[in-house]
Amino acid sequence: MIRIVFSMVFVLLGMTNTFAQIAGDWKGTLDVQGTKLDLIFHITETPDGITATLDVPLQGATGLPLSPATFVDNKLTVAMEQAGIKYEGVLADKKVTGTYSQGGMELPLVLEKTVVTKPGDTTLVSSPQDLEALTALDQGKFAYEVKDYFAKPVMSGFQLSPNGKYLLYREKDSNNKRHVMIKEVATGHVVKAIEEKDELIRGTGWVNDERLIYVMDEGGNENYHLFAIDIDGKNNIDLTPFDGVQASILNMLKEQKDFIIIQMNKDNKQVFEPYKVNIKTGDLEKLFTNEDPANAIVGYDFDKEGTLRGYAKMLNGTQTEYYYRAAGTQDFVKKHTGRWDDSFSIVSFNYASDNKDEAYAITNLTSDKARIVLYDLKENKEIKEIFKHDEFDANLISLSRKRNWEVDFVGFEGEKVEIKPISDTFKKIYSNLEKQFPGYEFSIVGKTDDESKLLIVVQSDKLYGKYYHYDTASGEATLLVDLMPQLKEADMAEMRPIKFKSRDGLTLHGYITLPKAALEGKKVPLIVNPHGGPQGIRDSWGFNPETQLFASRGYATLQVNFRVSGGYGKDFLRAGFKQVGRKAMDDVEDGIQYVIEQGWADKDNIAIYGASHGGYAVLRGLTKTPDLYKAGVDYVGVSNIFTLMSSIPEYWKPYKDMLYEIWYDLDKEDEAAIAKEVSPIFHIEKIKAPLFVVQGANDPRVKIAEADQIVKALREKGVDVPYMVKYDEGHGFGKEENQIQFYKAMMGFFGKHLN
């Protein structure tokens with residue numbers, strides 16, 4: 001009897017050891033017609049055997065359940081029967097060698113043990129099945145699907161080469177990868193210059209007629225690298241091959257075609273320093289040292305020759321100093337000191353003048369609203385005012401390099417963008433475009449060096465956008481592409497500018513997007529959408545895929561440019577300091593009351609959705625006025641001001657005092673008390689409405705802990721909180737498949753909770 005018991009123990013131990021061999025994370029790479037596709041299998045030992053899930057990072061898929069999952073005699077078998085997926089392999093020499101099958105296709109696949117560590121508490125994340133069930137609640141006969149609004153255009157991002165011989169654009173393939181293509185205008189010949197693979201290409205553009213630059217990070221971590229490549233896809237080099245470093249472009253040097261000026265935080269993660277880079281060789285030359293992180297340089301002004309002429313420096317966290325080096329001199333001289341929100345930015349030096357110290361600047365140093373001025377930097381005085389507006393910041397000016405730096409136009413953004421033509425040449429172009437595109441906004445997004453060819457984008461609140469190739473000699477605009485031809489203008493909703501008073505008498509602006517039922521007099525459900533930032537950011541008029549999607553489901557959308565928003569002057573910005581979660585939220589609530597009074601919104605059917613600070617506003621709204629909202633969607637939002645401030649990226653630390661001034665100074669007892677009062681995490685007992693939380697795991701600004709803690713706290717309270725996390729994303733989703741999954745789930749969530 002004893003012998004039998006011991007035999008059974010040995011058998012059980014042998015089974016445990018066998019399962020232990022296969023438990024863990026296993027990674028392999030499929031070669032699907034030249035496309036490399038990583039698969040990661042997560043295998044967990046259970047008392048009865050194993051369970052398994054699958055991640056496909058390239059497709060943004062995580063935690064896909066595999067059933068059945070068995071491991072017998074060193075043979076692993078896993079499947080997803082509903083998708084027709086199966087993998088069988090044999091474990092030997094620390095590898096699993098086998099065959100992956102799907103849809104009649106069989107491919108060899110070798111798995112090797114790996115270690116996958118995911119940020120945050122993975123046990124909190126909703127399962128794919130739960131999110132699919134949420135998505136299924138978006139029911140109705142709709143003219144358009146979610147993907148019609150959020151599928152990336154097949155062709156987009158057009159840019160003219162400096163000589164006009166080529167067009168750069170992005171072209172999407174069947175796997176939603178957006179490759180960089182180069183088209184020769186005369187012949188129509190197209191070359192794939194850059195292939196987008198696992199990581200998104202975040203931006204790209206021309207340096208000269210032969211060479212391009214593009215930008216990538218890893219999974220949304222915002223540590224951007226700059227790459228240069230020939231237009232035929234050869235000689236691809238990483239210009240900034242440094243780990244944990246964020247790089248960006250400061251100046252394109254037209255006079256030195258193989259060089260650009262960049263900035264990066266290579267030597268000290270808290271500060272950025274300028275470098276001159278050879279885009280052919282990658283050789284770097286540091287141009288200035290940013291040596292005092294406590295009083296960091298936060299802006300550099302170079303002239304067209306690549307000479308550093310001035311820089312702005314933070315002082316004690318909330319003030320700035322501007323230093324300038326006059327033409328022909330060696331030393332930088334301090335010209336003025338002000339608060340961080342006293343703006344003075346050089347747009348361009350006035351190269352048409354004999355005075356080498358003249359520059360066009362946008363400034364509010366002596367005014368509430370930003371003005372465009374011509375300034376003598378050596379004498380530190382304004383020469384003349386070029387343009388101002390009484391109600392809004394002036395912020396647009398364009399110069400012609402070809403025509404000796406003549407001013408073509410100036411402008412501002414009010415309810416819509418408005419520009420004022422200045423030069424005779426541009427007046428002719430502008431008049432011609434007005435005739436061709438009446439009622440639309442049009443903007444010049446590119447031009448050749450000789451300015452004979454322009455790229456025009458035409459848009460409205462109902463038109464996502466069309467690119468046109470414009471010939472300045474003939475005035476002819478040739479359509480290149482309609483970015484979203486699947487969306488018909490006649491079916492889209494109107495975005496209407498609104499203007500109202502806050503409860504304390506402040507004039508507020510915003511927008512209401514109205515579905516057709518609201519225009520017909522029916523009170524419809526309302527989605528309130530506070531913007532991110534919060535400081536200096538604003539909502540704008542134009543095509544918005546989110547608000548159009550909401551309108552297609554019968555919802556109106558309210559966007560309020562609450563105090564602290566940008567574009568309305570310095571006093572309006574400052575009125576929002578230390579009012580985050582307080583008067584800034586009052587402004588949003590006053591906007592809700594306004595649209596209810598207009599007869600557009602059903603007061604008993606209101607939801608709130610936002611991202612970043614907007615996500616914070618969602619959580620704050622659900623705790624501040626819990627009876628106002630029926631549901632909320634928090635997207636990469638802040639739940640706790642204390643943890644937000646303690647986890648900011650290194651390169652934000654020179655701005656910490658500025659953040660304290662905008663939000664709250666946590667080192668002061670009274671302000672820390674306010675911060676606790678307006679931090680949603682401390683008031684979850686007030687939340688009555690259902691909440692959907694969405695987060696990018698690699699977010700460097702609003703860490704995943706912000707989402708985890710609110711989800712965990714509400715779950716402990718017994719609230720069912722759907723929680724979507726994407727482990728290949730950062731501060732907002734950049735990948736098409738992730739965006740579409742998010743919006744589908746959100747529509748199901750609103751479909752469940754809004755009548």
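Helices (H or I, at least four residues) and strands (E, at least two) are DSSP runs, numbered from the N terminus. Keep that in mind as we walk through this predicted model, where local features need pLDDT of at least 70 and side-chain atom pairs count only at pLDDT 80 or more, while totals for chains, interfaces and linings use all residues. Residues are numbered from 1 along each chain as its sequence is written, and side-chain values use heavy atoms, with hydrogens and water left out.

Let's begin with Glu385, which sits in strand β29 (residues 381–387). Is Glu385 buried, exposed or partly exposed? Buried means under 20% relative accessible area, exposed means over 50%, and partly exposed is in between, using a 1.4 Å probe and protein chains only. Glu385 has 35% relative accessibility, so it counts as partly exposed. Now look across from Glu385 to Val373: they are 12 residues apart in sequence, and their C-alpha atoms are 4.4 Å apart in space. If you skip the neighbours within four places in sequence, Glu385 is in contact (heavy atoms within 4.5 Å) with Arg371, Ile372 and Val373. The side chains of Glu385 and Arg371 are also joined by a polar contact of 2.8 Å. A polar contact is a pair of N or O atoms within 3.5 Å; within protein, one must be able to donate a hydrogen and the other to accept it, and residues adjacent in sequence count only if both atoms are side-chain atoms.

Another glutamate with a polar contact is Glu661, found in helix α11 (residues 656–662). Glu661 has a relative accessible area of 16%, so it is buried. Its side chain makes a polar contact of 2.8 Å with the side chain of Arg339. Leaving out residues within four places in sequence, Glu661 is in contact with Thr318, Arg339, Trp340, Phe577 and Lys578.

That last name is worth a stop. Lys578 lies in the loop between α7 and α8 (583–597), and its phi is near 60°, a positive value in a residue other than glycine. With a relative accessible area of 23%, Lys578 is partly exposed. Val564 has a positive phi too, of about 90°, although it is not a glycine. You'll find Val564 in the loop between β40 (556–561) and α7 (570–574), and at 1% relative accessibility it counts as buried.

Follow the chain on into helix α8 and you meet Glu589. Glu589 is buried, with a relative accessible area of 10%. What does Glu589 touch, not counting residues up to four places away in sequence? Its partners are Arg503, Lys624, Thr625, Leu628 and Tyr629.

Step back for a moment to the wider region. A UniProt annotation from an unreviewed entry, "domain: Peptidase S9 prolyl oligopeptidase catalytic", covers residues 541–755. UniProt positions are given in the numbering used here, feature names are shortened, and annotations may be inferred rather than shown by experiment. Over residues 541–755 the chain is 44% helix and 15% strand, with the end C-alpha atoms 28 Å apart.

Next, two bends in the rules for prolines. The peptide bond from Ser67 to Pro68 is cis, with omega near 5°, and Pro68 is in the loop between β4 (61–66) and β5 (69–72). The bond from Gly533 to Pro534 is cis as well, with omega near 5°; Pro534 belongs to the loop between β39 (524–528) and α6 (545–552).Now for the empty space inside. Rolling a probe the size of a water molecule over the atoms shows where empty space is left. On a 1 Å grid over the protein atoms alone, a cavity is a set of points where a 1.4 Å probe fits but cannot get out, and lining residues have an atom within 4 Å of a point. Grid points are joined across faces, edges and corners, and a volume is the space filled by probe spheres set on the points. The structure holds one cavity of 30 Å³ or more, and the largest cavity has a volume of about 30 Å³. Val207, Met252, Leu253, Lys254, Gln256, Lys257, Phe259 and Ile260 line the largest cavity.

Two of those names come back at Gly306, which touches Leu253, Gln256 and Ile261, not counting residues up to four places away in sequence. Gly306 lies in the loop between β22 and β23 (308–315), and at 18% relative accessibility it counts as buried.

Terms used. On a 1 Å grid over the protein atoms alone, a cavity is a set of points where a 1.4 Å probe fits but cannot get out, and a pocket is an open set with protein on both sides within 12 Å along at least five of seven lines; lining residues have an atom within 4 Å of a point.
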